[in-house]
Amino acid sequence: MAISLSKGQTISLAKESAGLSKVRMGLGWDPVKKKGGFLSGLLGGGGGDIDLDASCLMFDQGKQLTDIVWFRQLKSNDGAIVHSGDNLTGEGEGDDETIAVDLDRLPAAVQTLVFTVNSFRGQSFNEVENAFCRLVDERAGKEIARYTLTEQGAHTGVVMAVVSRASGEWTMKAIGAPATGRTAQDLAGAALAHI
């Protein structure tokens, strides 16, 4: 059974899923449903599309940014990380965007993966609900951990989670830190603050 993480909580991925080699970080969200009746919906009072972008920032042991996987670069330079593509609306159930990571193919220099989400159009998280990230063991087909983001606000980005390795063991930490920025590069400083 998947672990529901609290903000700031860290888990050992090896303890949760032995032999872990391929994972998928799924991110999901929904536009806030606007209040109002039929007439309000006709006049533009209904919920609109929310274009959030999931990204993975890769850092080395010296905390230097080595690569970014996002909607403009769907694969890491080493091919170990692959993005599913851009979801422009947030509509539908389940994951809206996913980032697959082959842990065994990651270069040894890469120590930390920071998963972020940001609003390219500048929409704030006051317009977002049901935001979450979840880590899935691809080999076993099971969800390992889930972090649900409950904070809304005027921010346009969030550092969602950090997956890092030390002594060959991988851990995941739920972050949920608000940030400001329209692209993954804009969130690099905020991501660095959490590794």
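## A walk through a predicted fold

Arg134 is a buried residue, with a relative accessible area of 17%. That value counts as buried because the cut-off is under 20%. Keep in mind as you look around that this is a predicted model.

Let's stay with Arg134 for a moment. Its place is in strand S9, which covers residues 128-137. Which side chain does Arg134 join through a polar contact of 2.8 Å? The partner is the side chain of Glu143. Glu143 also appears among the residues that Arg134 touches once those up to four places away in sequence are set aside; the others are Arg24, Met25, Gly26, Asp95, Ala145 and Arg146.

Now move to another strand. S8 spans residues 110-119, and Thr116 is part of it. Is Thr116 buried or exposed? With 0% relative accessibility, Thr116 counts as buried. The strand around Thr116 tells a similar story: 10 of the 10 residues of S8 are buried, so S8 is largely enclosed by the rest of the structure.

Which strands pair with S8? One is S4, residues 52-60, which pairs with S8 in the antiparallel sense over 9 bridges. Another is S11, residues 157-166, which runs antiparallel to S8 and is joined to it by 7 bridges. You can find one example of facing residues in each pairing: Leu57 stands opposite Val114 in S8, and Val117 has Val158 in S11 as its bridge partner. Here are the two pairings in a table.

| Strand pairing with S8 | Residues | Bridges to S8 |
|---|---|---|
| S4 | residues 52-60 | 9 bridges |
| S11 | residues 157-166 | 7 bridges |

Back at Thr116, look at its contacts beyond four places in sequence: Asp53, Ala54, Ser55, Leu57, Val158, Val159, Met160 and Leu187. For a sense of how the chain folds back, try Thr116 and Ile175: they are 59 residues apart in sequence, yet their C-alpha atoms are 9.7 Å apart in space.

Finally, how far can you trust the picture? The protein has a mean pLDDT of 86, and 88% of its residues reach 70 or more. Confidence is highest in strand S5 (residues 65-69), at a mean of 97, and lowest in helix H2 (residues 38-42), at 42. Over residues 37-46, pLDDT stays under 50, and the model has 7 contacts beyond four places in sequence for this stretch. Where pLDDT is low, the predicted coordinates should not be read in detail.

How values were computed
Residues are numbered from 1 along each chain as its sequence is written. This is a predicted model: local features need pLDDT of at least 70, side-chain atom pairs count only at pLDDT 80 or more; totals for chains, interfaces and linings use all residues. Side-chain values use heavy atoms; hydrogens and water are left out. pLDDT is the predictor's confidence in each residue, from 0 to 100. Helices (H or I, at least four residues) and strands (E, at least two) are DSSP runs, numbered from the N terminus. Contact means heavy atoms within 4.5 Å. Buried means under 20% relative accessible area, exposed over 50%, partly exposed in between (1.4 Å probe, protein chains only). A polar contact is a pair of N or O atoms within 3.5 Å; within protein, one must be able to donate a hydrogen and the other to accept it, and residues adjacent in sequence count only if both atoms are side-chain atoms. Two strands pair if DSSP finds at least two bridges between them.
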